[in-house]
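Q: Could you walk me through how to read a structure like this one, feature by feature?

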Amino acid sequence: MNPCSKAIALAVIATMVLAGCGDIRPPRTAYRDKPASAAATPPPAAVAASSAVAGSFVPPDHADIPEGPFGDVVRRGRDIFTNTGEHAAAYVGNGLSCGNCHLDAGRLADSAPLWGAYVRYPAYRSKTGSVNNFTERLQGCFVYSMNGKAPAADSPEMLALETYSFWMSQGAPVGTTLPGAGYPKDFKPPQPPDYARGKSVFQENCALCHGEAGQGQQVAGRYVFPPLWGSDSYNWGAGMHQLDNAAGFIKANMPLGRGGSLSDQQAWDVAMYMNSQERPQDPRYTGDLAETRKQFHDDPNSLYGLEIDGRVLGTNPSR
Amino acid sequence: MRGNTPLQLITLVLLVTLSAPSSAADPATIANQGAGAVVACASCHGKDGGGQASFPRLAGMNAAYLLKQMQDFASGSRDNAVMKPIADALSPEERSAMARYYADLPIPAPWIRPAEAPLPDTDPGARLAMRGAWEKGIPGCVQCHGPGGRGVGGVFPTIAAQPAGYLAAQLQAWKKGTRNNDPLELMRHLSRSLTEAEIKAVSAWFARQPAVAPEGGA
């Protein structure tokens, strides 16, 4: 190697190290639309980016899950995430999987990706009134969204889900809210959401897959299209029952494959229609609807305990 | 009672004569021998309804789906020069009868136990089928077409165990817009983002998936 090419090689290596690409396994610092420095080859996972949200974190690809014991637990976590009823049956009380609301196996920006959540904990949560770690946050998903019971912090299921989340978040900065984390929250409907309009939106855009009564569709005893309300859906304590969460998820991601096709108004209207239907009771129910609303649902984004379309929501919870 | 003119009588006789053969033909006869303008379905779709090359398997498909396709061939929302005159020539009753006939036909054994082994999970077609290409907003095929592509109801057809040539031709037709009968433009929208290599890979993957008999009947 002549001195000139040696210098170039050193410069390339230095650039790679500076760009964070000097390791054998490329660190996960890739952001969409922010290519790595010209001298460094972009890590392969950048090609398999998971989202179209500009500037959002790009999680590693499934194919990058390593062989060996660590990778085995990552894969187990992924399997629980995408088929929760089968792989964590003891903790699931409805027909949903984590992956129903966290698309692309928890990788998709604007679909509450795992990499967006993992780096934000521990955090104070108004829902619990205390600082919760990521384990406790996942346990909440099982209690409310899955209408089941929380796996113990040291259970194999929880370890697998945390390992999957950790693996996916490698290289993401800790303690930040990354672009694409959570659901889009920065938009409001031009008019207050409306039940009747929401019903029309539902019939025209949602019933095809989720059924006229929001019951979902099953094949061979398993849901292909998840139930949106009723006994097999999320309960009144789940984050998705909040209008802002539901509208954000719907706007960004529904109909599946046609995200962004509904107007802001349509997304809010249909979120209201969906969350004006009965579902399993909030596990925190005190025995008194008004009291439960006051304690846990004192929020304009919750319709629990309010009268909508002639029914007081939460009065006849699904069983 | 008003008297009929000779012309009206002749018209009536002609109409009866013309419509009689096809309305009288039973589905099995139409399928295997054809009737009038309707060529025998078996000549392209196979005697067992198993399909070949770019002609789909009909045996064991969902009846409501098959019926809608015939209606859409007739209306032109599914643009197909071969099927259009056939669908036009079939009466609504015949279309229903043909859909039922093929839905009830047993899935040919080679589709249930394909000679070629399924492609591995690392295959690019498998990736698209199972997980999608979310960087382009494309869900996994099975998210709507059900596990292994076995179909969901009358709207999301079975795409497992269909000839690869047929599947690829459909994705290309969605992409070009010559097939326009998808609800919510679901297929047209995503197909526009598919590359030729992806179309080929995912079609090959589903063609090797074993067929599963529809629920509620063998």
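A: Happily, and we can begin with the fold of one chain: chain B has 12 helices and two strands. Helices (H or I, at least four residues) and strands (E, at least two) are DSSP runs, numbered from the N terminus. Before going further, note that this is a predicted model, in which local features need pLDDT of at least 70 and side-chain atom pairs count only at pLDDT 80 or more, while totals for chains, interfaces and linings use all residues. Residues are numbered from 1 along each chain as its sequence is written, and chains are lettered from A and ligands numbered from 1 in the order in which they are written.

Q: In which pattern do the helices and strands of chain B follow along the sequence?
A: Reading along the sequence of chain B gives α-α-α-α-α-α-α-α-β-β-α-α-α-α.

Q: What share of the residues in chain B is buried?
A: The general idea is to count neighbours: a residue is buried if 20 or more other C-beta atoms lie within 10 Å of its own, exposed if 12 or fewer, and partly exposed in between, with C-beta atoms placed from the backbone. In chain B, 39% of the 218 residues are buried.

Q: And how do I read contacts within chain B?
A: Two residues are in contact if their C-beta atoms, placed from the backbone, lie within 7 Å. Of the contacts in chain B with a separation of 6 or more, 62% are between residues 24 or more positions apart.

Q: How should I look at a single helix, say H12 of chain B?
A: Start with its span, where the expected value is 1.5 Å times one less than the number of residues. Helix H12 (residues 196–207) of chain B has 12 residues and reaches 16 Å from its first C-alpha to its last, close to the 16 Å expected. Next, think about direction: an α-helix has 3.6 residues a turn, so residues three or four places apart point the same way. The buried residues of H12(B) are B:Ile199, B:Ala201, B:Val202, B:Ser203, B:Trp205, B:Phe206 and B:Ala207.

Q: Which helices do the buried residues of H12(B) pack against?
A: Their partners are helix H8 (124–130) and helix H10 (164–176) of chain B.

Q: How many residues does each chain bring to the contact between chain A and chain B?
A: Chain B supplies 21 residues and chain A supplies 23. On the chain B side, the elements giving two or more residues are strand E2 (138–139), helix H9 (142–145) and helix H11 (186–191). H11(B) has the largest share, three residues. By type, this side of chain B holds 11 nonpolar, six polar and four charged residues. Here Ala, Val, Leu, Ile, Met, Phe, Trp, Tyr, Cys and Pro count as nonpolar, Asp, Glu, Lys and Arg as charged, and the others, Gly among them, as polar.

Q: Which domains are assigned in chain A?
A: Domain bounds come from an automatic or database domain assignment, and for chain A it gives domain 1 (63–168) and domain 2 (195–312). Taken over C-alpha atoms, the centres of these two domains of chain A are 21 Å apart. In chain A, 12 residues of domain 1 are in contact with 17 residues of domain 2. Helix H6 (residues 134–145) of chain A gives the most to the domain 1 side, with three residues. That side of domain 1 of chain A divides into five nonpolar, six polar and one charged.

Q: Where are the cis peptide bonds from A:Tyr121 and A:Met254?
A: Look at omega. The bond from A:Tyr121 to A:Pro122 is cis, with omega near 5°, and A:Pro122 sits in the loop between helix H5 (114–118) and strand E1 (123–125) of chain A. The bond from A:Met254 to A:Pro255 is cis too, with omega near -15°. A:Pro255 belongs to the loop between helix H10 (243–253) and helix H11 (264–274) of chain A.

Q: What is phi of A:Ala220 and of B:Glu185?
A: For A:Ala220 phi is near 50°, a positive value in a residue other than glycine. A:Ala220 lies in the loop between strand E3 (217–219) and strand E4 (222–225) of chain A. B:Glu185 has phi near 55°, again positive in a residue other than glycine, and is in the loop between H10 and H11 of chain B.

Q: Why is A:Ala220 exposed, and why is B:Glu185 partly exposed?
A: A:Ala220 is exposed because 11 other C-beta atoms lie within 10 Å. B:Glu185 is partly exposed because 17 other C-beta atoms lie within 10 Å.
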